[in-house]
Amino acid sequence: MTTTSTPFPLPPQTARLPLPYRDEAQVLGEARARLGVLDWHRVVAVATPWVDAVRAHPAPFWAMESLLKEYPISSAEGLALMRLAEALLRVPDVETAIALTADQLGRGEFDSGDGSKGLLAGLSASAIALSKKFLPDAESGSGLLGRLGARTVVAATVRALQLLGRQFVLGRSIAEAMGEADGQRQAQPGLRYSYDMLGEGARTDADALRYLRSYQNAIEVIAASPAGGKGPEASDGISIKLSALFPRYEDAQRERVFAELLPRVWTLIERAAPAHLNLTIDAEEVDRLELSLELFDALAARIAQVYPLWRGFGLAVQAYQTRALAVVDEVAAIARKHQLRFMLRLVKGAYWDGEVKRAQEQGLPAYPVFTRKPHTDVAYLACAQALMAHRELIYTQFATHNAGTIAALQAMALQTGAEPGRHFEMQRLHGMAEGIYREVMKDGRTACRVYAPVGEHRDLLAYLVRRLLENGANSSFVHQLADPQVDPAELLASPLLLAVQGPGAEGQPLPVHLYGESRRNSAGVDLTCLAQRGPLDAAVRATVLPTVLPTVPMATAGQCAVAMGVLQAGFAAWSERPLAERAAIVRRAGDLLDARLAEFCGLLVKEAHKTLGDCVAEVREAVDFCRYYATQAEQRLAEQVLPGPTGESNVLRLHGRGVFVCISPWNFPLAIFAGQVVAALVAGNTVAAKPAEQTPVVALRMVALLHEAGVPADALQLLHGLGDTVGAALVADSRTAGVCFTGSTQVARLINRSLAMKDGPIVPLIAETGGLNAMVVDSTALPEQVVDAVVQSAFRSAGQRCSALRLLCVHEGIADGVIEMLKGAMAELQVGDPAELRCDVGPVIDDEAYAGIQAHVQRLKAEAKLLGETPVASAFPRLVAPVAFELKAIGELKQEIFGPVLHVVRWGGDVEAVVREVNALGYGLTFGIQTRIDSRAERLARQARIGNVYVNRNMIGAVVGVQPFGGEGLSGTGPKAGGPHYLYRFCAEQTVTINTAAAGGNAALLAGTV
Ligand SMILES: Cc1cc2nc3c(=O)[nH]c(=O)nc-3n(C[C@H](O)[C@H](O)[C@H](O)COP(=O)(O)OP(=O)(O)OC[C@H]3O[C@@H](n4cnc5c(N)ncnc54)[C@H](O)[C@@H]3O)c2cc1C
């Protein structure tokens, strides 16, 4: 007997779908083949009158269509409006609200002058009329802000945004929304609703439980109302987002998802199924797609046992996914297997820009979504065709605002015999495409359901911005409909034709070509994709389980001296190799490493105790270093002809300095090690490489790989050993022509002194050292984004990154909320064995580090206020629980603790004073700024005496050639690693001036050739 508390068994993980990364043209070809023949002339003939009718009755001035027409998001005004919509309503303090409004309104031409024209002016006027009580005394100023007064404009803008929000939210509570829906049904009795309780991406369990209660309540209210009880097709229903119900709805947390999320969803099904309501699981990001199908199948299995007659269970499928057709077939297969009928909402997809960015950042082999809009349209129609064929198993809910798509669906239904209301219905978002559906529904047959968000403004923002983005895109149908310049023929052009020709037919360049033709992007791994993860898992298993790593012998002082002699002798030959040859060798090393990513990941897990995600990122960084420095060398170290007087030639040449000593740390035993070594090599130096004591095997393998790529043995020698013996001996050696060091400020000073003590040439020291890295958060920041950035920056890699966040400075107006959310998010972190995919935080590097961090934590527990500490269930050695403490002042932070320990201070008043205090700490490595006030971000970045500034994101994971990395002050000497100025520091310069008139006269001048 299945009961509420019966656990959901965890099935073995198998891939249900094809690889997400396939050739787009091929996938499109498959979709076209499934689609068959479609008479597009007929589609245009049906849809054109709808378009004409909608254009003849323009939408009211506050509707999305009008807004986008007046302020497209490609304009400064549109962007500003979107920023304000996203941020203003949550700002708690008046000063910041004024600063934000002034900053954003100042960016565009909102002020139409006479105050009568212009949408915002219009909205503001209505808002002012509606909210007299919000209007305090005017302040002086200029422009719109000046004439109306800063506070007034802010109040008006707030009201305008609230009005805008109300266009998209049906009500603040389910009761209010249903009342509103009843009102709308008076005019259009055929309307049904699917209510969406606003909120997504819960970061804490408390938030997830709050969302769960609101869904539960909503279903109960719908079930008890006259809008329920008519079967899933005719009743109102509910849409749920799984990310709202569980803070770790991720493939990596599959076990917990089955154990914790599924029972929650089941409590909703237990309410919806007996009432025969439609409950649809919304579609979210691509990396959740396979998992969502697994969950759907597991729930369907139980529904088949407990509610076999329920026909209202559903999910949304995104046509922009290159796997969309396979998803449709898989849902049909699940229906067949469990003998159920599902409801399936076919959408195009709402996260397109995010998916493209993710694929580029992760260096994936292709995009998991189509990269051209007509491709998505074709896939949508192909899925529709497939769904109509599956109509006995699936009732389809076609969600689109596109008149061409709607007319094509109607034509297809006629062809296939699918009937509206029986086999399918149409869906639209509340506040959108009302005009089009007013026309479409005049046929008296079309069944239409409105997706209706319900909730407070606080939860509206993410939803609203996504709608603005998706509809504001130039390619969006709603956007073009509002633009009378777009001819109906163009608006309704066949996607089948546009898919093969038309502007941008080549789509987005693949992620591997992100940096253009001269440098390939390193290949990443989608850890959520079984096929991609397979080799990595195998390599980790092979390395981690029985293997004992080889012992790398420590070099003696004598061996160091011998090696320096070899390298000194090898210098002439290596430095005289043509630049192109050295670059080709280094580039080859990058390619070899790229191909051996899995093997090196296995090694990094074993020796450096890194999590899988960190391992992949590290190998990629090393590959990027090889390719970047090879390209930089070719571009920057080539001989330059300099201008000068006639009768003389002048050239500038760069060449290697001699033997470079490269000393690297254990926290990036591959990337930093490789970066230093290949930079020195490609510039023409020979290299004595001393890795960290803790991670010699990674270094050994990298050196072997470099030799395999073609670096001669007398150009690169590995010298493993302790810093104060081997490191010190190398630095002190008279043959050392330069030192490149990454590590603590204290050791950098020792090296500096040792070099200064030597007679002979004064040699360069490139030192990259630690930081007391801060993040400043003002009250316009989005708490969810802040908490994500903080958790990643402070705790990822167990805080063992020199870029890691140590000091969070959060505005007092939002501090309580941010801290509460941070505590909740910390409670969700998985601390344990780094070889396991689910692990977020692995152990610290060694016993000494462990003891040092624990001593610091114990002291802080006595001296500071403990804010939160992640529970640790694993017995894996040397785990330090991520922990956060509140300090009273920034100055209380004295020392860099290289572990998952975060310090938090609150601030109020002048944000620039905060940056002054951060500067006064003396370090200058990384700095985070979280604000929606663009001018403030710009000002603070300039004020910070800090090497790497990150705005509205995390502050770790600098990408080679994209975020050149390195600090100033106590954080290092520069130049930045992975930046355009790095290689110069490894070079000596020579100018060669030849008097070409020396032989008696200037023949070239006289001959007229110069
Ligand atoms: C009732 C309803 C429920 C919805 N539920 C969900 C949901 O659960 N999950 C979800 O993700 N979305 C959901 N959406 C949003 C939906 O995915 C679309 O974003 C939206 O409906 C716009 O599509 P359209 O056909 O109306 O407009 P169109 O203008 O015809 O299509 C716009 C869509 O094309 C795609 N696109 C844009 N540019 C490109 C490009 N260069 N290459 C490839 N594709 C591109 C995008 O998906 C974009 O949204 C829902 C929409 C509705 C109406």
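Buried means under 20% relative accessible area, exposed over 50%, and partly exposed in between, computed with a 1.4 Å probe and protein chains only. The model is predicted, so local features need pLDDT of at least 70 and side-chain atom pairs count only at pLDDT 80 or more, whereas totals for chains, interfaces and linings use all residues. Residues are numbered from 1 along each chain as its sequence is written, and side-chain values use heavy atoms, with hydrogens and water left out.

**Exercise 1. Determine which residues of strand β15 are buried on each face, and how β15 is linked to β14.**

Step 1. Strands here are DSSP runs of E with at least two residues, and helices are runs of H or I with at least four, both numbered from the N terminus. In a regular strand the side chains alternate between the two faces of the sheet.

Step 2. In β15 (residues 765-768), L765 and A767 are buried on one side, and I766 and E768 are buried on the other.

Step 3. Two strands pair if DSSP finds at least two bridges between them; β14 (residues 736-742) and β15 pair in the parallel sense over 4 bridges, and I766 of β15 is the bridge partner of C740.

Step 4. Together with helix α32 (residues 745-757), β14 and β15 make a right-handed β-α-β unit, where right-handed means that, with the strands pointing away from the viewer, the path from the first strand over the helix to the second runs clockwise.

**Exercise 2. Describe the surroundings of R878.**

Step 1. R878 is placed in the loop between β18 (865-869) and β19 (883-886).

Step 2. Taking contact as heavy atoms within 4.5 Å, and leaving aside residues up to four places away in sequence, R878 touches H609, P843, V844, I845, D846, D847 and Y850. D846 is 32 residues from R878 in sequence, with a C-alpha to C-alpha distance of 7.2 Å.

Step 3. A polar contact is a pair of N or O atoms within 3.5 Å, of which, within protein, one must be able to donate a hydrogen and the other to accept it, and residues adjacent in sequence count only if both atoms are side-chain atoms. The side chain of R878 makes such a contact with the side chain of H609 at 3.1 Å, and a polar atom of the R878 side chain lies 3.3 Å from the backbone oxygen of I845.

**Exercise 3. Find the phi of A798 and of N952, and state how accessible these residues are.**

Step 1. Most residues other than glycine have a negative phi, and most peptide bonds are trans.

Step 2. A798, in the loop between α33 (783-795) and β17 (805-811), has a positive phi of about 55°, and at 1% relative accessibility A798 counts as buried.

Step 3. N952, in the loop between β23 (948-951) and β24, has a phi near 55°, and at 24% relative accessibility N952 counts as partly exposed.
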